[in-house]
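I open this notebook to keep track of what I looked up, beginning with a cysteine and moving on to the aromatic rings.

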Amino acid sequence: QVQLVESGGGLVQPGGSLRLSCAASGIFFNIFAMGWYRQVPGKERDLVATISNGGNTNYADSVKGRFTISRDNARNTVYLQMNSLKPEDTAVYYCNAERLTGAGTLKYWGQGTRVTVSS
């Protein structure tokens, strides 16, 4: 059974920092690309950052220079370090694992962790 369990969300003041973690089980973590997405009510889930199994990273323009995605293959965990947080970063953040196969894309999601940026 595949599980992606996020943690680290919470309430933070503008300009503050948070680090999200996502622990994966039930998959061969090393071969999956991992990502963080976020969603606010009434809107689509948007990409925040991704990291390939080789360590290549990609970021949404809105978080470049503020957020850093990383992975620890020994711990089957992906992280999102969020600095200089803004009220518009408020959302539910979801962890994602993806792998292209000959039969299509395997895609898994966590249950989400809420981040609120407010004074």
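Is Cys95 buried or exposed? I note first that this is a predicted model. Cys95 has a relative accessibility of 0%, so I enter Cys95 as buried.

**Entry: the disulfide**

I searched the whole structure for disulfides and found one. It joins Cys95 to Cys22, with an S to S distance of 2.1 Å. I then looked up where the two partners sit, and the link spans distant parts of the chain, since Cys22 belongs to strand β3 (residues 18-25) and Cys95 to strand β9 (residues 91-101), 73 residues apart. For the handedness I took the torsion about the S-S bond of Cys22 and Cys95, which is about -80 degrees, and therefore I record the disulfide as left-handed. Cys22, like its partner, counts as buried, because its relative accessibility is also 0%.

**Entry: the aromatic pairs**

Next I turned to the rings, and the count came to two aromatic pairs. One of them is formed by Phe32 and Tyr108, whose centres are 6.1 Å apart and whose planes make an angle of 45 degrees, and I list this pair as tilted. Phe32 lies in the loop between β3 and β4 (33-39) while Tyr108 lies in strand β10 (residues 104-109), so the pair ties together parts that are 76 residues apart in sequence. On accessibility the partners fall into separate classes: Phe32 is buried, with a relative accessible area of 5%, whereas Tyr108 is partly exposed, with 26%.

Tyr37 and Trp109 also form an aromatic pair, and here I read 5.0 Å centre to centre and 75 degrees between the planes, an edge-to-face arrangement. This pair, too, links distant parts of the chain, with Tyr37 in strand β4 and Trp109 in strand β10, 72 residues apart. I looked up the accessibility of both rings: Tyr37 has a relative accessible area of 14% and is buried, while Trp109, with a relative accessible area of 34%, is partly exposed.

**Entry: charges over rings**

Which ring does the charged end of Arg45 sit over? I found that the ring is that of Trp109, and that the charged end of Arg45 is 4.6 Å from its centre. Trp109 therefore appears twice in my notes, as the partly exposed partner of Tyr37 in the edge-to-face pair and as the ring under Arg45. I also entered Arg71, whose charged end sits over the ring of Phe29, 4.6 Å from the ring centre.

Terms used:
Residues are numbered from 1 along each chain as its sequence is written. This is a predicted model: local features need pLDDT of at least 70, side-chain atom pairs count only at pLDDT 80 or more; totals for chains, interfaces and linings use all residues. Side-chain values use heavy atoms; hydrogens and water are left out. A disulfide is a pair of cysteine sulfur atoms within 2.5 Å. Helices (H or I, at least four residues) and strands (E, at least two) are DSSP runs, numbered from the N terminus. Buried means under 20% relative accessible area, exposed over 50%, partly exposed in between (1.4 Å probe, protein chains only). Rings of Phe, Tyr and Trp (its six-membered ring) pair if their centres lie within 6.5 Å; planes under 30 degrees apart count as stacked, over 60 as edge-to-face and the rest as tilted. A charge sits over a ring if NZ of Lys or CZ of Arg is within 6 Å of the ring centre and within 35 degrees of the ring normal.
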